[in-house]
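Got your viewer open and a selection box ready? Let's take a short walk, one selection at a time.

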Amino acid sequence: MSSATSHRLQTPGPMGFRFGSRCTGAPHCSQPAVLIASYDYISGVNFNTHERQVCAEHARRFAAKHGLTMPIESRPLLQESKR
Ligand SMILES: [Zn+2]
């Protein structure tokens, strides 16, 4: 079982993204990052936060997976082709 405790989707702070402007939600995703996805987890006795910057698509997947609402929709999301 996962020990992650809480998940968040946030807009980037005034410093912007720390790892350039691209999505780091997947190894080969090169879409522009729009949000920061993060979660807290406990490793042994340590309390850590894992953070990724994600594009609209990966933000949407993160939100769907963890039951979050999107904080912003700053650009059109990819269209759903399957229904
Ligand atoms: Zn992405």
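Which residues does Ala37 touch, leaving out those up to four places away in sequence? Keep in mind that this is a predicted model. Select Ala37 and then light up its contacts: Leu9, Gly25, Arg52, Val54, Ala59 and Phe62.

Now widen the selection. Ala37 belongs to the largest nonpolar core, which has twelve residues. Add Leu9, Cys23, Ala33, Val34, Leu35 and Ile36, then Val54, Cys55, Ala56, Ala59 and Phe62, and you have the set. Colour by element of secondary structure: β2 (35-43) and α1 each supply at least two residues of this core.

Next stop, α1, which spans 56-66. Pick Ala56, His58, Ala59 and Phe62, and you'll be looking at buried residues. Why do these sit on the same side of α1? Because they cover an arc of only 165° around the axis. A helix reminder: with 3.6 residues a turn, residues three or four places apart point the same way. Swing the view around to the other side of α1, and Ala64 and Lys65 are there, both exposed.

Slide off the end of the helix. Gly67 follows α1, and its phi is positive, near 70°.

Last selection: Thr69, in the segment after α1. Is Thr69 buried or exposed? Thr69 is exposed, because it has 6 other C-beta atoms within 10 Å. Before you close the session, draw a distance from the C-alpha of Thr69 to that of Leu9: the two residues are 60 apart along the chain, and the separation reads 8.0 Å. Leu9 brings you back to the nonpolar core, since it is on that list too.

Note on methods
Residues are numbered from 1 along each chain as its sequence is written. This is a predicted model: local features need pLDDT of at least 70, side-chain atom pairs count only at pLDDT 80 or more; totals for chains, interfaces and linings use all residues. Helices (H or I, at least four residues) and strands (E, at least two) are DSSP runs, numbered from the N terminus. A residue is buried if 20 or more other C-beta atoms lie within 10 Å of its own, exposed if 12 or fewer, and partly exposed in between; C-beta atoms are placed from the backbone. The arc is that of the directions from the helix axis to the C-beta atoms. A nonpolar core is a set of buried Ala, Val, Leu, Ile, Met, Phe, Trp, Tyr and Cys residues joined through C-beta atoms within 7 Å. Two residues are in contact if their C-beta atoms, placed from the backbone, lie within 7 Å.
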